[in-house]
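Here is a short tour for anyone who enjoys looking closely at side chains and symmetry. Have the structure open as you read.

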Protein chains: 4
Amino acid sequence: MTKRMPFLSDNAASVHPDIWDALRQADNPDMPYDGDGLSASLDDRFSEIFGRECAAIWVATGTAANCLGLATLCQPHGGVVCHEEAHIEVDEGGAPGFFLHGAKLMLCADGHGAESAKLTPESIAALIDPIRDDVHQVQPHAIAITQASEYGCTYRPEELAALSEFAKERGLGLHMDGARFANAAAFLGGSSSDAAGHVDTLSFGFIKNGGMSAEALVLFDPAQADLVKYRRKRAGHLQCKGRYLAAQIHAMLDGDLWLENARSANAAAAEIAAGCDERLMHPVEANEVFARCTAEEREALRSQGFDFYDWGADAARFVAAWNTREEDAVALGKAIAAL
Amino acid sequence: MTKRMPFLSDNAASVHPDIWDALRQADNPDMPYDGDGLSASLDDRFSEIFGRECAAIWVATGTAANCLGLATLCQPHGGVVCHEEAHIEVDEGGAPGFFLHGAKLMLCADGHGAESAKLTPESIAALIDPIRDDVHQVQPHAIAITQASEYGCTYRPEELAALSEFAKERGLGLHMDGARFANAAAFLGGSSSDAAGHVDTLSFGFIKNGGMSAEALVLFDPAQADLVKYRRKRAGHLQCKGRYLAAQIHAMLDGDLWLENARSANAAAAEIAAGCDERLMHPVEANEVFARCTAEEREALRSQGFDFYDWGADAARFVAAWNTREEDAVALGKAIAAL
Amino acid sequence: MTKRMPFLSDNAASVHPDIWDALRQADNPDMPYDGDGLSASLDDRFSEIFGRECAAIWVATGTAANCLGLATLCQPHGGVVCHEEAHIEVDEGGAPGFFLHGAKLMLCADGHGAESAKLTPESIAALIDPIRDDVHQVQPHAIAITQASEYGCTYRPEELAALSEFAKERGLGLHMDGARFANAAAFLGGSSSDAAGHVDTLSFGFIKNGGMSAEALVLFDPAQADLVKYRRKRAGHLQCKGRYLAAQIHAMLDGDLWLENARSANAAAAEIAAGCDERLMHPVEANEVFARCTAEEREALRSQGFDFYDWGADAARFVAAWNTREEDAVALGKAIAAL
Amino acid sequence: MTKRMPFLSDNAASVHPDIWDALRQADNPDMPYDGDGLSASLDDRFSEIFGRECAAIWVATGTAANCLGLATLCQPHGGVVCHEEAHIEVDEGGAPGFFLHGAKLMLCADGHGAESAKLTPESIAALIDPIRDDVHQVQPHAIAITQASEYGCTYRPEELAALSEFAKERGLGLHMDGARFANAAAFLGGSSSDAAGHVDTLSFGFIKNGGMSAEALVLFDPAQADLVKYRRKRAGHLQCKGRYLAAQIHAMLDGDLWLENARSANAAAAEIAAGCDERLMHPVEANEVFARCTAEEREALRSQGFDFYDWGADAARFVAAWNTREEDAVALGKAIAAL
């Protein structure tokens with residue numbers, strides 16, 4: 001039987017050993033919910049990382065983190081501008097509609113000639129400028145971007161600066177879906193601040209990066225923390241043994257494990273990309289590779305042991321995880337090159 | 001320094017060793033979300049336990065389990081009858097209002113002369129019979145009961161039978177909040193079926209009983225499973241590494257660990273109760289003891305190392321967990337008796 | 001056949017001739033929605049009446065006015081304190097749950113020894129002081145009172161002052177359901193300001209007072225007007241021929257027709273009350289009379305031509321409208337006295 | 001001063017004299033809400049018109065009618081397929097998101113080469129076939145079409161038959177926004193059934209056709225009526241003097257006034273269209289004319305006394321109402337031809 005080499009997704013990878021250690025160390029009685037010491041220190045921990053005061057809470061899914069963040073920026077009668085392929089639009093089962101009580105996702109075209117799934121002030125303006133300023137039309141309240149994007153592309157600091165300036169001018173909130181924030185930060189050289197820019201809320205992902213069940217929602221306006229905590233409880237997301245979630249986050253941040261894991265995944269993706277050449281659909285700036293290939297070619301790759309998802313009829317998506325073995329990535333790159 | 005003996009709650013206790021083992025065994029790549037084998041086998045597992053066909057899904061909190069269950073039984077314009085001290089009313093931060101899109105909790109008085117936090121057909125009828133059958137008044141759609149109740153009392157099979165018959169007659173759904181279902185089942189001799197009666201949906205708790213982060217929502221009408229799964233996703237409760245939740249549940253059910261843990265907690269509570277005598281406010285039929293005692297008496301107990309919550313101005317609540325040491329419970333019982 | 005004398009309710013009475021005239025005068029082409037001159041002048045009109053700057057919009061029902069007002073004062077995760085028999089609780093079909101996205105109504109006992117359906121700072125404090133200040137419990141965001149109350153009682157200026165002071169101290173919004181605001185104002189001598197006190201939002205009723213289909217929502221913080229207008233549209237309450245609603249309101253305010261109508265109804269109620277003596281359940285301070293009487297007595301009254309609703313098993317409610325004939329009211333009073 | 005000739009919209013036109021008569025005749029005491037005889041007979045009236053059993057209720061706006069109808073066909077976690085320019089998407093202030101608790105509008109491209117704002121089974125299939133059948137993606141529950149469409153085009157019976165067959169195959173509900181249903185029916189020769197096809201719910205508009213404040217929501221599955229009535233109340237749309245709404249609807253249906261008014265408006269639109277020739281953007285099949293013309297041309301028309309809305313940068317929309325004078329329409333047609 002052929003050895004299987006998994007490039008399906010990073011979202012089901014095993015848990016990093018350091019996370020296991022942290023979980024076991026948290027296995028003492030402590031206060032329930034977020035009353036334990038590990039949970040209580042998250043604000044300081046993230047404030048240090050971003051070099052500015054912020055608040056942070058744990059939740060078990062990126063969907064919850066995104067929606068709780070967006071709910072601080074958009075009222076039920078407003079709209080959230082996002083890319084037409086944004087995860088919140090196409091892959092979260094309508095969760096924004098639930099958490100935001102019916103607010104509307106306003107689908108924005110790609111901001112770049114080469115498709116990147118990234119927004120620009122221009123692409124957003126093209127969407128929202130024609131909206132009449134009256135009660136008959138839903139008005140935008142916020143913008144949501146994804147770092148790294150759904151196509152594996154990373155916003156540069158100057159792109160983020162332009163977006164936050166635009167958002168400020170228009171009175172819009174700015175949320176970042178950072179399910180793969182670590183991969184973007186690693187790609188940008190390891191600076192959290194460079195990767196986050198001046199967003200208002202950030203869903204900082206750990207689960208796809210070697211964690212088990214904890215993401216962080218970072219609020220750069222700490223005054224919103226109280227509101228978000230009520231909403232987290234109301235959404236059934238306040239776990240009573242919260243220390244096991246906080247412990248995962250601390251372990252990820254300790255010694256920059258989050259960056260180390262992301263660098264490893266990015267490097268594996270680069271190996272794959274190296275074999276793709278003209279097949280690449282998007283620049284590889286994180287841990288995902290989108291490559292054109294026929295059904296026959298995909299079959300050929302699968303028969304060699306590579307697992308991955310089709311991406312439409314004429315392409316494939318390969319995702320590297322924190323624990324993707326270098327030799328597997330190299331092998332995949334070569335196999336693609338040899339097609 | 002005095003050794004602390006924790007009777008605050010069972011909701012922050014450590015995780016049982018068997019759960020840890022199961023978590024580590026689940027640490028292999030598998031399909032994401034609930035596509036893994038452990039998640040997929042939950043339906044069969046619970047069908048076996050209850051001796052009738054049911055569907056079951058994992059969620060991370062009892063609040064989510066309760067609300068997703070209730071949402072199958074009550075439409076947004078309807079109401080859910082519950083005890084006036086029900087957890088869904090007083091301790092879930094308004095989550096039912098969120099998940100049920102504004103449905104109303106209809107607060108029912110205690111069904112027993114001695115307060116039990118249990119409902120009876122009579123107490124429910126007294127609440128709902130005066131409701132006019134017109135659109136101006138919210139109509140009841142469902143009943144929610146708690147097993148064991150918020151006062152640590154256990155519904156007997158005949159009480160449950162009367163309630164389900166009443167619900168059926170009135171066309172109402174019947175949900176059971178089983179945050180401490182194991183303790184009730186253990187009290188009743190270990191029969192899941194006896195403890196569940198003929199409810200439509202059951203939030204089957206494991207976290208207070210030695211688990212880490214997984215509860216089960218059991219649907220005795222499996223046709224509702226599809227609907228509930230969409231709603232779970234939409235509420236941000238579909239974790240991508242779901243196998244770590246399913247693993248906890250299987251480990252709990254294996255060899256009846258859930259009953260063993262509950263018996264241990266119940267036995268500890270019985271030791272405490274033995275010292276309370278006339279102080280007892282409610283019969284002790286699970287793992288909670290509510291006892292009258294003055295502020296001075298509580299202070300005296302705390303100075304001896306016992307931690308617990310005040311229960312109003314004139315009482316205390318002591319909760320035993322799966323890992324409460326027998327000697328601690330005995331000591332507490334004696335200390336109370338000596339007051 | 002006996003002539004029928006209607007004391008069922010004021011909510012289905014005929015429309016006052018002045019309203020008809022105003023409607024016909026509005027029957028010219030104008031801008032749609034609230035772009036017409038009549039709608040646009042409502043802010044000024046109500047600012048003049050209350051002697052302070054306010055904004056005002058029309059809606060077609062008191063339920064919509066109440067809910068749109070409350071939605072400016074209470075977030076979805078919060079609660080609204082109201083009397084346990086408040087109209088928003090018992091007679092609006094759960095509308096607050098819908099408009100406020102699941103916010104909770106917190107039911108408060110009567111603030112007076114003699115039941116009045118009026119709240120006091122003390123009765124509210126007794127309800128909300130025990131609420132723990134944590135995310136597990138729904139926190140109160142606002143208070144809703146009814147003027148005149150559900151039992152036909154009128155808040156005095158000093159009672160309103162105490163409530164608004166209390167609300168301010170606790171950081172709570174204060175809404176007034178004024179379905180029978182005119183009757184209360186008439187009872188207090190005709191001062192709008194005395195009858196409204198310092199509430200934040202007021203549902204100013206006209207329909208029960210001789211109007212056809214227009215109530216006003218008055219916002220004493222005009223900065224909320226924009227928000228409320230978006231929500232009115234979103235709730236399907238922005239009628240395109242809004243001038244026909246605005247016209248009704250202007251006609252009601254012209255020459256104090258609203259007070260004249262209310263005085264007439266109040267006077268009729270006083271005639272009825274005069275015959276009730278010891279039967280009265282509540283002081284008659286508006287246009288409603290609640291009187292104890294047996295089923296046989298009610299039957300006797302009905303056989304004499306009086307129509308009214310039973311009020312529980314042992315009482316009746318008689319409501320006078322703007323067009324109740326004095327002789328009918330006198331006759332009813334005498335008939336009751338003669339029982 | 002130039003006489004103004006209004007072609008802005010039909011939504012602010014005056015009320016037809018027959019409606020006024022009916023309103024005055026309804027000005028007698030009757031039961032409140034929808035307990036009066038006029039309201040109670042709506043079911044029979046519409047069943048007769050459509051030749052099949054249906055239920056019908058009044059509401060004050062098309063937005064409310066659309067949303068209450070859609071809410072019977074789409075659950076909160078589902079989606080409603082509609083044209084990307086559908087009124088529910090672009091002009092109802094997000095009301096569907098509110099009434100449907102966050103359900104998603106799924107925007108469908110035009111089904112015809114020449115833009116018609118009409119959907120076809122093919123255009124819908126192209127939108128929904130790529131949706132993965134899993135919980136991560138919102139699934140379509142219903143289709144909403146507009147008759148006449150937002151571009152003034154009318155679905156033919158065979159087009160409606162194809163859509164209802166498609167909807168049935170796919171298990172989707174089918175709603176018709178009939179804000180200008182009368183104009184479509186008139187265009188098709190006057191058959192209600194031809195114009196409605198086999199939709200499940202129909203928002204039957206009267207206000208744009210000479211009414212004041214009443215639309216009908218027709219439910220072709222009468223079993224839904226009870227549900228819709230609870231929801232109407234809950235949305236604050238149950239007016240207490242409902243007889244004034246029912247009276248309008250009966251008056252419109254009496255002697256086919258609704259068709260007579262619509263024919264008049266359609267005829268006026270045809271006069272305008274006659275002058276447009278190559279300028280026409282869409283076939284004129286109701287009472288709206290969309291014509292290409294430059295800013296200078298629009299200015300020229302306005303200086304001649306014609307009022308209308310710009311339609312983007314390069315076009316104008318002219319709407320005829322029930323009371324548009326033939327000479328005005330002829331004049332406008334000639335003025336356009338003379339540009």
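His83(C) is buried, with a relative accessible area of 3%. In this predicted model, His83(C) belongs to strand 3 of chain C, which covers residues 79–83. The side chain of His83(C) forms a polar contact with the side chain of Asp110(C), at 3.0 Å. Beyond its neighbours within four places in sequence, the residues in contact with His83(C) include Glu89(C), Leu107(C), Cys108(C), Ala109(C), Lys118(C) and Tyr151(C), as well as Asp110(C) itself.

Now to the cysteines. How many disulfides are there over all chains? The count is zero. A disulfide requires two cysteine sulfur atoms within 2.5 Å, and the two cysteines below show how far apart the sulfurs can be.

| Cysteine | Closest cysteine sulfur | Sulfur distance | Relative accessibility |
|---|---|---|---|
| Cys67(C) | Cys82(C) | 11 Å | 0% |
| Cys240(C) | Cys67(D) | 15 Å | 12% |

For Cys67(C), the 11 Å to the sulfur of Cys82(C) is too far for a bond. The sulfur of Cys240(C) is likewise too far from that of Cys67(D), at 15 Å. Cys67(C) counts as buried, and Cys240(C) counts as buried too.

Finally, the symmetry. Chain B superposes on chain A after a rotation of 180° with 0.0 Å of shift along the axis, giving an RMSD of 0.0 Å. The two copies are therefore related as by a two-fold rotation axis. Within chain B, Ala235(B) has the C-alpha nearest the axis, 3.6 Å from it. Of the interface residues of chain B, 100% are also interface residues in chain A, so the copies meet through the same surface.

Methods: Residues are numbered from 1 along each chain as its sequence is written. Chains are lettered from A and ligands numbered from 1 in the order in which they are written. This is a predicted model: local features need pLDDT of at least 70, side-chain atom pairs count only at pLDDT 80 or more; totals for chains, interfaces and linings use all residues. Side-chain values use heavy atoms; hydrogens and water are left out. Buried means under 20% relative accessible area, exposed over 50%, partly exposed in between (1.4 Å probe, protein chains only). Copies are superposed by least squares on the C-alpha atoms of residues with pLDDT of at least 70 in both. Contact means heavy atoms within 4.5 Å. Helices (H or I, at least four residues) and strands (E, at least two) are DSSP runs, numbered from the N terminus. A polar contact is a pair of N or O atoms within 3.5 Å; within protein, one must be able to donate a hydrogen and the other to accept it, and residues adjacent in sequence count only if both atoms are side-chain atoms.
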